[in-house]
Amino acid sequence: MPSLSVDQRRALDAAALSTPVIRRVADAFAAAGHELHLVGGPVRDALMGRGVHDLDFTTDARPDAIEAILSGLTRTTWDMGRAFGTIGASVRAGSDEQVVEVTTFRADSYDPSSRKPTVSFGDSLVEDLVRRDFTVNAMALSVVTGAFADPHGGLADLAAGVLATPSPPEVSFSDDPLRMMRAARFAAQLGFTPDAGVVDAMTAMADRLSIISAERLRDEFSRLMLADAPRPGLDLMVRTGLADHVVPEVAALVREVDEHGRHKDIYQHTLTVLEQSIDLERARGHAPDLIGRLAAVFHDIGKPRTKKFEGGGKVSFHHHDVVGAKMTKKRLTELRFSSDEVKAVAKLVELHLRFHGYADADWTDSAVRRYVRDAGDQLERLHILTRADCTTRNQRKANRLRTAYEQLEWRIDELAQAEELDAIRPDLDGTQIMEILGIAPGPVVGQAYKFLLDKRMDDGPLGEDRAREELLAWWAAR
């Protein structure tokens, strides 16, 4: 079994043993006669040179003792994880302040039909580490003595970029099925490859995800989608059957095979759109964007339901944007995404084809205004999704679409400068409409408002005088 190199030892010392907050916490536990080990992700990340952000510790001390020790260091502690042996605290050392979480050695036992583990506290570090999800997360560094523990070959797997489990994967995933999702996330986040045993167990046990709450599935899926390169993780979910229990509409795209080559591979197209949207997201200076990435993954899920064979051997997917938006809303709602997130992603899916009318024919200024109004606060995401959706290998066609969309963005910018397009509203507000027409609040005010908004879309800014004339003419015609 490999041992720490000189560089790895230095990395661990710099990340843990020399950090003021860690030293203060370590000294307190040592003074109380207890062990304290930095464990899991922080150790892995330090060895990878990724920097340590989360401070997760394990100890032989029981929760009451942990709380007593931490309370001597700070007034800010919390015990929401007490049932699982975890006490958290915000600890300051000089100008440095960090959140730490300390958990009693675990020897969990799980009820196969339950979503939650039955907690049993353990007495040794080795016993604790065998319960960890993957070997690369089953390494520990004693911040009291400096000893490094790697009983399950995590260092070798880290070097090889392999995901393996400390215990047999069937046991590990039966204990906590969400670990299968975590394997997909690490494939995306760290670029690791699950070993054959992990993949086989994920495939055989995918239906165990049915006992996991929608909220936990949502959170793990979101972490995967926000990784630097989510494609390998998403593809792993689909290949092993996990996606059938989380995003079955995406998994269904794989089964949409066209053996005669009359349309492109929708699933592979989707993965490419996701990658291209992330490239554009970065190129345009944005942070990782969950809503935009979800829209890329869901934008074509309506195609299997709308597939139709036309004359001449052609295939159509008419209205797959509208159908896909409804499917997206249903799936994200079931995964307990917020209403704002659901609304935003569904809107992008519904609008992702709108641009193609522009590519085929020149739009009037009115049409451009309506495009902006319909996109609303999702306009920048719609720009990214629409550009990313071009995956054709026909370079001439790709250049034509790219040029057309650049022209559309230029026109949007020009109109925005001239008309404040991002805040389109009628030239008269509801109060002015009621005063001019001499009416009380009611449905007619809304009808008048819509009439003026449509005029604004068609003709651009009217000014209050002309808007008043148009309103009165509309009123007289009624």
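Let me start with a pair of strands. Strand 4, residues 86-93, and strand 5, residues 96-104, run antiparallel and are joined by 8 bridges. Before going on, please keep in mind that this is a predicted model.

Within that pair, R92 stands opposite E97 of strand 5. Further along, G88 has E101 as its bridge partner in strand 5. The two strands form a hairpin with 2 residues between them, and G94 takes a positive phi there, near 65°.

G88 also leads us to the next strand. W78 has G88 as its bridge partner in strand 4. Strand 3 and strand 4 are joined by 2 bridges and run antiparallel.

How buried is strand 4? Of its 8 residues, 7 are buried, so strand 4 is largely enclosed by the rest of the structure.

Now the whole sheet. There are 7 strands in it, the sheet is open, and the order is 3-4-5-2-1-8-9, with mixed pairing. Which strands stand at the edges? They are strand 3, residues 77-78, and strand 9, residues 148-149. Each has a single partner strand, so one side of each is left without a neighbour in the sheet. As general background, strands of a sheet pair through backbone hydrogen bonds, either parallel or antiparallel.

Two helices lie across this sheet, so to speak of each in turn: helix 1, residues 6-17, lies across strand 1 (37-39), strand 8 (140-142) and strand 9. Helix 1 runs at about 65° to strand 8. Helix 2, residues 20-31, lies across strand 2 (55-59), strand 4 and strand 5. The angle of helix 2 to strand 4 is about 120°.

One residue in strand 2 is worth a stop on the way: T59. Is T59 buried or exposed? Its relative accessibility is 0%, so T59 counts as buried. Leaving aside residues up to four places away in sequence, T59 touches F29, H34, E35, L36, I66, V102, T103, T104 and F105.

Next, two helix pairs.

In the first pair, helix 8, residues 178-189, packs with helix 11, residues 231-240. The angle is about 150° and the axes are 6 Å apart. Helix 8 and helix 11 are therefore roughly antiparallel to each other. Their crossing is right-handed. On the helix 8 side, the contact is made by M181, A183, A184, A187 and A188; on the helix 11 side, by P232, G233, L236 and M237. What classes do these residues fall into? The contact of helix 8 with helix 11 has 8 nonpolar residues, 1 polar and no charged.

In the second pair, helix 22 covers residues 430-437 and helix 23 covers residues 443-459. Their axes come within 10 Å and cross at roughly 110°. Helix 22 and helix 23 are therefore roughly perpendicular to each other. Helix 22 contributes G430, I433 and M434 to the contact, and helix 23 contributes V445, A448, Y449 and L452. By class, the contact of helix 22 with helix 23 has 6 nonpolar residues, 1 polar and no charged.

To recap: an open sheet of 7 strands with mixed pairing, helix 1 across strands 1, 8 and 9, helix 2 across strands 2, 4 and 5, one helix pair that is roughly antiparallel, and one that is roughly perpendicular.

Conventions
Residues numbered from 1 in each chain as written. Predicted model: local features only at pLDDT ≥ 70, side-chain atom pairs only at ≥ 80, totals over all residues. Heavy atoms only, no water. Pairing = 2+ DSSP bridges. Helix = DSSP H or I, 4+ residues; strand = E, 2+ residues; numbered from the N terminus. Contact = heavy atoms within 4.5 Å. Axes fitted to C-alpha atoms, helices over the stretch in contact; angles between N-to-C directions. Parallel < 35°, antiparallel > 145°, perpendicular 65-115°, else oblique. Left-handed = near helix turned anticlockwise from the far one by under 90°. Nonpolar A, V, L, I, M, F, W, Y, C, P; charged D, E, K, R; others polar. Buried < 20%, exposed > 50% of the residue type's maximum accessible area, 1.4 Å probe, protein only.
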